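Visitor: Hi, I'm new to looking at proteins like this, so could you put one on the screen and take me through it slowly?

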Amino acid sequence: VTPLRVSFYALFYNIALNLILMWPLKAAGLALATSIAGFINFGSLFIRLRKKIGQFREKEILESFMRISGASLVMGFTAFCLMSAVNWDNGTIRNAANLLFLIAVSIIVYIGGSFAFRVREVGSLLSWIKKS
């Protein structure tokens, strides 16, 4: 019941933040609002779980979070730079090709950044994929 209740509150935070941020920041405000609501959801659940079961490798979780954040920042910066450099036409097939190219490059950069930051979860995922 607790995760459902916390998620319900996070949904309301998301809606409120969307309404507040979408005017000044447009689509970026929607993305920012969703990210903030996600952090609120995670933080609330994390705190409640810690109260319920005690400590559970928080240092390891924080370290993993920081590594993933580093890889994500590298990917986001790369995607932003590439997106700014691309000539976007209005409603053409070329835009779709440019978008697919940006997504593919972003995925590759994220995976490379994950290896550079030594994100264990990506290595585990690739090992799991190889086994399947």
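Visitor: Let me just pick a residue: is Arg57 buried or exposed?
Guide: Arg57 counts as exposed because its relative accessibility is 61%, where exposed means over 50%, buried under 20% and partly exposed in between, with a 1.4 Å probe and protein chains only as cover. Before we go on, please note that this is a predicted model, in which local features need pLDDT of at least 70 and side-chain atom pairs count only at pLDDT 80 or more, while totals for chains, interfaces and linings use all residues. Residues are numbered from 1 along each chain as its sequence is written, and side-chain values use heavy atoms, with hydrogens and water left out.

Visitor: OK, and where does Arg57 lie?
Guide: Arg57 sits in the loop that joins H2 to helix H3, which covers residues 58–85; helices here are DSSP runs of H or I with at least four residues, numbered from the N terminus. Its backbone deserves a look too, since Arg57 has a positive phi of about 55° although it is not a glycine.

Visitor: Which other residue that isn't glycine has a positive phi?
Guide: One of them is Lys26, whose phi is near 60° and thus positive, in a residue other than glycine. You will find Lys26 in the loop between helix H1 (2–25) and helix H2 (27–53), and it counts as exposed because its relative accessibility is 58%.

Visitor: Back to Arg57 for a second, what network is it linked in?
Guide: Arg57 is linked with Glu60 and Arg120 in a network of salt bridges, a salt bridge being a side-chain nitrogen of Lys or Arg within 4 Å of a carboxyl oxygen of Asp or Glu.

Visitor: How many salt bridges does the structure hold?
Guide: There are five salt bridges in the structure. One of them joins Arg50 to Glu58, with the closest N and O atoms 2.9 Å apart. The two partners fall into separate classes of accessibility, as Arg50 is partly exposed, with a relative accessible area of 37%, whereas Glu58 is buried, with a relative accessible area of 18%.

Visitor: What about Glu63, which side chain does it meet?
Guide: The side chain of Glu63 meets that of Arg67 in a salt bridge, at 3.2 Å from N to O. Glu63 and Arg67 lie in helix H3, four residues apart, and that spacing is about one turn of the helix. Glu63 itself is partly exposed, because its relative accessibility is 35%.
Guide: You could also look at Asp89 and Arg94, whose side chains form a salt bridge of 4.0 Å from N to O, with Asp89 partly exposed at a relative accessible area of 26%.

Visitor: Which residues of H3 are buried, then?
Guide: In H3 the buried residues are Glu58, Ser64, Gly70 and Ala71, and they pack against H2, H4 and H5, where contact means heavy atoms within 4.5 Å. Gly70, for example, counts as buried because its relative accessibility is 13%. Gly70 and Arg120 are 50 residues apart in sequence, and their C-alpha atoms are 13 Å apart in space.

Visitor: Changing topic, how many aromatic pairs are there?
Guide: The structure contains five aromatic pairs, which are rings of Phe, Tyr and Trp (its six-membered ring) with centres within 6.5 Å, called stacked if the planes are under 30 degrees apart, edge-to-face if over 60 and tilted otherwise. Phe8 and Phe12 make an edge-to-face pair, with 4.8 Å from centre to centre and 80° between the planes.

Visitor: Where are those two along the chain?
Guide: Phe8 and Phe12 are four residues apart in helix H1, so about one helical turn separates them. Phe8 counts as partly exposed at 46% relative accessibility, and Phe12 is partly exposed as well, with a relative accessible area of 44%. Ring pairs also bring in Tyr9, so that Phe8, Tyr9 and Phe12 are linked into a cluster.

Visitor: Last one, which helix supplies the largest share of the nonpolar patch?
Guide: That is H4, with six residues of the patch, while helix H4 (93–116) and helix H5 (120–131) each supply at least two. From H5 you can pick out Leu125, which is partly exposed because its relative accessibility is 43%.
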